[in-house]
Amino acid sequence: MSKAGTLPAVKSRQDELYDEAAASFGPAIERLAHAYEADRDIRRDLVQEIHIALWRSFAAFDGRCSLRTWLYRIAHNVAISHVIKQRRSKGPGLIGLDDLPEASSSHEAADRNQDLARLMDFIQRLKPLDRQVILLYLEGTDAASIGEITGLSARYVSTKVYRIKEVLARRFNAGGRNEE
Amino acid sequence: MKNESPPNRMQEIWQCQPVEDTKMSVEEIRKRATKFGKKIFWRNVREYVAGTIAIVLLAFSIARSHNVLDRSAFALLIAGMVYMMYQLHRRGAAQSVSASAAPGPSLEFYRGELKRQRDLTSTVWSWYLAPFVPGLVASAVGSAAHNLHPWHIAVVTFWYGLIAAFFVLVWRWNARAARCLQRMIDDLGTME
């Protein structure tokens, strides 16, 4: 009786946490998966794998860190495993034509799509931890939180973020700004 | 928008990119988690079945052979196969634990994954290749002993030499991969 009474309560906490995380960070998980996997079908599997790992992990969530930190750690760790597995089986993936964002009639939108495609191409060439830092930066995460999620030193993260800003400024100022 | 600095603009472009909406209910997640577990189970079953078939074929060869050297060679190959399968099982179990992703910082997780890969590749000789060496040596001696004609000895030497070269190649390739992984682990030390 007590067992039957305890089990659903644990599950419901796990389910609630998952629902909250999926609702708040669903799009961020999709963007993260896009940065780690160029192939659309494999990417869908990766997204599902992240969701399953998240749901499983919430059975052990103790609130010692924020939900956001927990989620990003799980998601990036699943993605890192994926990168290692993929590198072993077929080498780095490439962006297919189908994966480029939809073309738009508006110049501004076309320009943004081009920048996004270039940004994605740039990110997908990075080493896992550098990729993680730039992804978290692009998601608007501050340096202290990036350090907490990744385990990298604050000094290293600050230097990396500075470098990322520099690289983004150089790469995305130099090309694709024809109308300016 | 056009006056925004590129890094801020890239943040905005990144966060506003169109994404697929992969919404899964908890029920669906639960189903998929079970399905995923079954997939791993059947993959393991396939590997064990393949190993068992090889063992059965070798056992069949023992039953058919009347030569002591040949029978010893097959028995040693079976022992090697069993040991290798046990190691695969042990190391595979460790992998499925790490693949479920720990909630620790990524640096720690990444280092752990690299170390696991390094240990797997650097010890490939001891758990993947060496278990077959006694059986192969006994098999080579047995094959040569059937016929001591120099031409036959040369053919046996050639074929077993090819196997030996393959073993050395696998070992060297893995040792190189292990060194590369070690360099990656060392690089991580500078990030802390």
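This passage walks through a predicted model of two chains, A and B, starting with confidence and then turning to the helices and how they meet.

As a whole, the model scores ipTM 0.73 and pTM 0.68. For chain B, the mean pLDDT comes to 84, with 89% of the residues of that chain at 70 or more.

Chain A is put together from 7 helices and 0 strands. Read from the N terminus on, its elements simply go α-α-α-α-α-α-α. Chain A has 180 residues, and 36% of them are buried. Contacts that span a good stretch of sequence also show up here: of those in chain A between residues at least 6 apart in sequence, 62% link residues at least 24 apart.

A good place to look inside chain A is helix α6(A), which covers residues 143-150. Of the 8 residues in α6(A), 6 are buried, so the helix is largely enclosed by the rest of the structure. Those buried residues are Ala143(A), Ile146(A), Gly147(A), Glu148(A), Ile149(A) and Thr150(A). Just past the end of α6(A) sits Gly151(A), with a positive phi of about 85°.

Helix α6(A) packs against helix α5(A), residues 128-138, with the two axes 10 Å apart and an angle of about 140° between them. The two helices are therefore oblique to each other, and their crossing is right-handed. On the α5(A) side, the residues that take part are Leu129(A), Gln132(A), Val133(A), Leu136(A) and Tyr137(A), while α6(A) brings Ile146(A), Ile149(A) and Thr150(A). Sorted by class, this contact has 6 nonpolar residues, 2 polar ones and no charged ones. Ile146(A), Ile149(A) and Thr150(A), which meet α5(A), are also among the buried residues of α6(A).

Chain B has a helix pair of its own to look at. Helix α4(B), residues 106-122, and helix α7(B), residues 150-189, have axes that come within 8 Å and cross at roughly 160°. That angle makes α4(B) roughly antiparallel to α7(B). Their crossing is left-handed. From α4(B), the residues in this contact include Leu107(B), Tyr110(B), Leu114(B) and Arg118(B), and the partners in α7(B) include Ala175(B), Ala178(B), Leu181(B), Ile185(B) and Leu188(B). Split by class, the residues where α4(B) touches α7(B) come out as 10 nonpolar, 5 polar and 3 charged.

Then there is the place where the chains meet. Chain A puts 48 residues into the contact and chain B puts in 37. On chain A, the elements that each give two or more residues to the side touching chain B are α1 (2-36), α2 (40-57), α3 (67-90), α4 (107-124), α5, α6 and α7 (154-174). That side of chain A holds 23 nonpolar, 13 polar and 12 charged residues.

One helix pair across the two chains is α2(A) with α2(B), the latter covering residues 26-64. Their axes come within 10 Å and cross at roughly 100°, and the two helices are therefore roughly perpendicular to each other. Helix α2(A) supplies Gln48(A), His51(A), Ile52(A), Trp55(A) and Arg56(A), which meet Val26(B), Ile29(B), Arg32(B), Ala33(B) and Phe36(B) of α2(B). By class, the residues in this contact are 6 nonpolar, 2 polar and 2 charged.

How values were computed
Residues numbered from 1 in each chain as written. Chains lettered and ligands numbered in written order. Predicted model: local features only at pLDDT ≥ 70, side-chain atom pairs only at ≥ 80, totals over all residues. Axes fitted to C-alpha atoms, helices over the stretch in contact; angles between N-to-C directions. Helix = DSSP H or I, 4+ residues; strand = E, 2+ residues; numbered from the N terminus. Parallel < 35°, antiparallel > 145°, perpendicular 65-115°, else oblique. Left-handed = near helix turned anticlockwise from the far one by under 90°. Contact = placed C-beta atoms within 7 Å. Nonpolar A, V, L, I, M, F, W, Y, C, P; charged D, E, K, R; others polar. Buried ≥ 20, exposed ≤ 12 C-beta atoms within 10 Å, placed from the backbone. pLDDT = per-residue confidence, 0-100.
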